[in-house]
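User: Could you take a close look at one helix for me and show how that part fits into the rest of the protein?

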Amino acid sequence: MLIALGVSGGIAAYKACEIVRGLDRAGSAVQVILTRNAERFVTPLTLQTLSRRKVLLDPFDLSSPETVRHIDLAREIAALVVAPATANVLAKLARGIADDLLSTFYLAVTAPVVVAPAMNARMWLHPATQESLATLRARGVAVVDPAVGWLAEGESGPGRLAEPDAIVAAALAAARRSRELEGKTLVVTAGPTREPVDPVRFLSNRSSGRMGYALAAAAARRGARVVLVSGPVDLPPPFGVEVVRVRTAEEMRVAVHEARAGAHALLMAAAVADFAARPAESKIKKSGRGISLALEPTRDILAEVGRDKGDLLLVGFAAETEDVVERARGKLRSKSLDFVVANEVSADGKGIESERNAVTILDRDGGAVEVPEASKAEVAERILDRVFGAEARP
Ligand code: CTP
């Protein structure tokens, strides 16, 4: 196992030595990448001696074949941990600025990323830094929060690098996860469907697609091949995921049946329309009177797959406004699911259309795991832990 350790320039850079030793003792090879500023706090020779590997340094020269090889290395690592991560590096990673080796390397990494910030307390509390962290968290980056304590500047506050042991543990957990779903294909659905009424109108729902996109991204970070069957949403395709775009429930049904061949699991996070109209061929004109739309039920994709699921692991989602757990259990049974992820959608600010969610994961044996409110990226990690954790972990 190979873990990359990015070290940026802060007084805590010397603690990178302890992190290298911890990872080495746990049996992981470590590829250190030092930023130019970090070199002023800790020598490449020290880290090279501890890691027994050539430390990668700037100057950053994209025309050099060696730099390109370093970028190739980004695909081989099991995790990237940046410790200490300065406010500057966090901002660069959050925005995708690639002006040195570490920040460029980050953009080529598909494996899980962990950052351990360290800085002055006021810099830590600044909205700019907190915004960078929120962006990284939403992208699935794990943050090892700094401790409160005396800082180098002689004042106390949050900003001191977390203990090396905690950073090593987070890096190892991330690296273990990165191989967890290797060799498996997951089909994930996301977003609403659009059922046309006429050439310019449609029926749809408020689903943003964020939960499904977060699940697809998290599964790809764990090494799975992911096919994301996506309804119309306004989200960028997740890194390393194959996206199949559909509009209607019927198109989604066809795409899911196609993608499920050879797949290990289907996670149906999409909010599929339950009813569809027979669309008019030309635009319906107003006449001053009301109109009635005849709606037909759509076919239930999950229930269909559930009837002939074989070894496919089936995960459904249930958005409910009342009797959440009871109703979700009903769906688990009636659609032959292995898990159902239930969430309440009546509370403001979570669930549908939101960046955050809180769910209960129910299984066939009557078990229930509560996931408290968190970003959808974090909730996605917990769902994968629950659904694949039991079979994939020793
Ligand atoms: N689902 C599906 N095909 C449909 C409708 C829903 O596969 N035509 C899936 C959703 O992706 C989700 C689960 O079924 O995983 C939700 O169950 P569903 O019974 O549709 O929930 P509701 O629409 O909320 O059902 P009800 O109106 O009965 O509460």
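Analyst: Happy to! A residue is called buried here when its relative accessible area is under 20%. Keep in mind that this is a predicted model.

Let's take helix H8, residues 164-178. With 15 residues at 1.5 Å a residue, H8 should span 21 Å, and its end C-alpha atoms are indeed 21 Å apart, so the expected and modelled lengths agree. By the cut-off above, the buried residues of H8 are Pro164, Ile167, Val168, Ala171, Leu172, Ala174, Ala175, Arg177 and Ser178. As a reminder, an α-helix has 3.6 residues a turn, so residues three or four places apart point the same way.

Now for the surroundings. The domain assignment gives domain 1 as 2-178 and domain 2 as 185-390. Their contact draws on 10 residues from domain 1 and 9 residues from domain 2. The C-alpha centres of the two domains lie 36 Å apart. Between them, domain 1 and domain 2 bury about 770 Å², with 53% of that on carbon and sulfur atoms. On the domain 1 side, Thr110, Arg137 and Arg177 lose the most area to domain 2, together 50% of what that side buries.

Arg177 deserves a second mention: Arg177 is among the buried residues of H8, and it forms a salt bridge with Glu381, the closest N and O atoms being 3.7 Å apart. The count between the two domains is 1 salt bridge, along with 2 residue pairs in polar contact. Finally, the elements giving two or more residues to the side of domain 1 that touches domain 2 are helix H7 (127-138) and our helix H8.

Methods: Residues numbered from 1 in each chain as written. Predicted model: local features only at pLDDT ≥ 70, side-chain atom pairs only at ≥ 80, totals over all residues. Heavy atoms only, no water. Helix = DSSP H or I, 4+ residues; strand = E, 2+ residues; numbered from the N terminus. Expected span 1.5 Å × (residues − 1). Buried < 20%, exposed > 50% of the residue type's maximum accessible area, 1.4 Å probe, protein only. Domains from an automatic or database assignment. Contact = heavy atoms within 4.5 Å. Buried area = accessible area lost by both parts, 1.4 Å probe. Salt bridge = Lys/Arg side-chain N within 4 Å of Asp/Glu carboxyl O. Polar contact = N/O pair within 3.5 Å; in protein donor to acceptor, adjacent residues only side chain to side chain.
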